[in-house]
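Visitor: I'm new to this one. Please pick a single part, take me in for a close look, and show me what sits around it along the way.

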Amino acid sequence: MARARTHTHTHREREREKSGTEMVKREREREEREREREKEKESVMSLPSHAVAAATKGRPSVVKEIIYGLSAGLAGGALWKIHHLNERRKTEEFYSMLEKNAISVVVEE
């Protein structure tokens, strides 16, 4: 005669349930790690440049770097030139006014 089961789960069924809950727990942990990685990718601005390149998994383009460098150099040079032309204009105005006796550098007493 077959023996009636006194409890609803056998030992193997309990072990399967345990491993199932552990699998769910591992899956949740894995998803959490993936979410953290996505957050790290979003906060690329706080990383140094070599880490940004590694995070984006892209090689830096030499041509782009050269173009960026030339652009920055030309823009800086143009601003410097404008500044010096302005100073030269002020100096020329001062000496032309001095020649016309419109102004004097001698203090009158």
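Guide: Let's start with one yardstick: a residue is buried under 20% relative accessible area, exposed over 50%, and partly exposed in between (1.4 Å probe, protein chains only). Asparagine 101 has a relative accessible area of 65%, so it counts as exposed. That residue lies in the segment after α3 (helices, H or I with at least four residues, and strands, E with at least two, are DSSP runs numbered from the N terminus). Its phi is near 60 degrees, a positive value in a residue other than glycine. Why point that out? Most residues other than glycine have a negative phi.

Before we go closer, some ground rules. This is a predicted model, where local features need pLDDT of at least 70 and side-chain atom pairs count only at pLDDT 80 or more, while totals for chains, interfaces and linings use all residues. Residues are numbered from 1 along each chain as its sequence is written, and side-chain values use heavy atoms, with hydrogens and water left out.

Now the part I'd like you to look at: helix α3, which covers residues 62-99. The protein chain has three helices and zero strands, giving the pattern α-α-α as you read along the sequence. Confidence (pLDDT is the predictor's confidence in each residue, from 0 to 100) is highest in α3, at a mean of 96, and lowest in helix α2, residues 49-56, at 63. Over the protein chain the mean pLDDT is 81, with 66% of the residues at 70 or more. Where pLDDT is low, the predicted coordinates should not be read in detail.

How far does α3 reach from end to end? At 1.5 Å a residue, its 38 residues should span 56 Å (1.5 Å times one less than the number of residues), and the end C-alpha atoms are 55 Å apart, which agrees.

Along α3 there is a salt bridge (a side-chain nitrogen of Lys or Arg within 4 Å of a carboxyl oxygen of Asp or Glu) between glutamate 87 and lysine 90, whose closest N and O atoms are 3.8 Å apart. These two are three residues apart in α3, so about one helical turn separates them. An α-helix has 3.6 residues a turn, so residues three or four places apart point the same way. Both partners are partly exposed: glutamate 87 at 34% relative accessibility and lysine 90 at 46%.

You'll meet similar pairs in helix α1, residues 11-42. There, arginine 35 bridges to glutamate 32 with closest N and O atoms 2.6 Å apart, the two being three residues apart. Arginine 26 bridges to glutamate 22 at 3.6 Å, and that pair is four residues apart. Glu27, Arg30 and Glu34 are linked in a network of salt bridges. The full count is seven salt bridges.

Back to α3, for its rings. The model has one aromatic pair: phenylalanine 94 and tyrosine 95 have ring centres 5.3 Å apart and planes at 75 degrees, so the pair is edge-to-face. For the rule itself, rings of Phe, Tyr and Trp (its six-membered ring) pair if their centres lie within 6.5 Å, with planes under 30 degrees apart counted as stacked, over 60 as edge-to-face and the rest as tilted. Tyrosine 95 is found in α3, and phenylalanine 94 is partly exposed at 34%.

Those rings also help form a nonpolar surface patch of about 420 Å², made by Phe94, Tyr95, Val105 and Val106. Patches are made of residues with over 30% relative accessible area and no salt bridge, like charges being joined within 9 Å and nonpolar side chains (Val, Leu, Ile, Met, Phe, Trp, Tyr) within 5 Å.

Finally, step back to the whole chain. Of its 109 residues, 1% count as buried. The chain exposes about 10900 Å², and carbon and sulfur atoms supply 57% of that (areas come from the Shrake-Rupley method with a 1.4 Å probe; for residues, only the protein chains shown count as cover).
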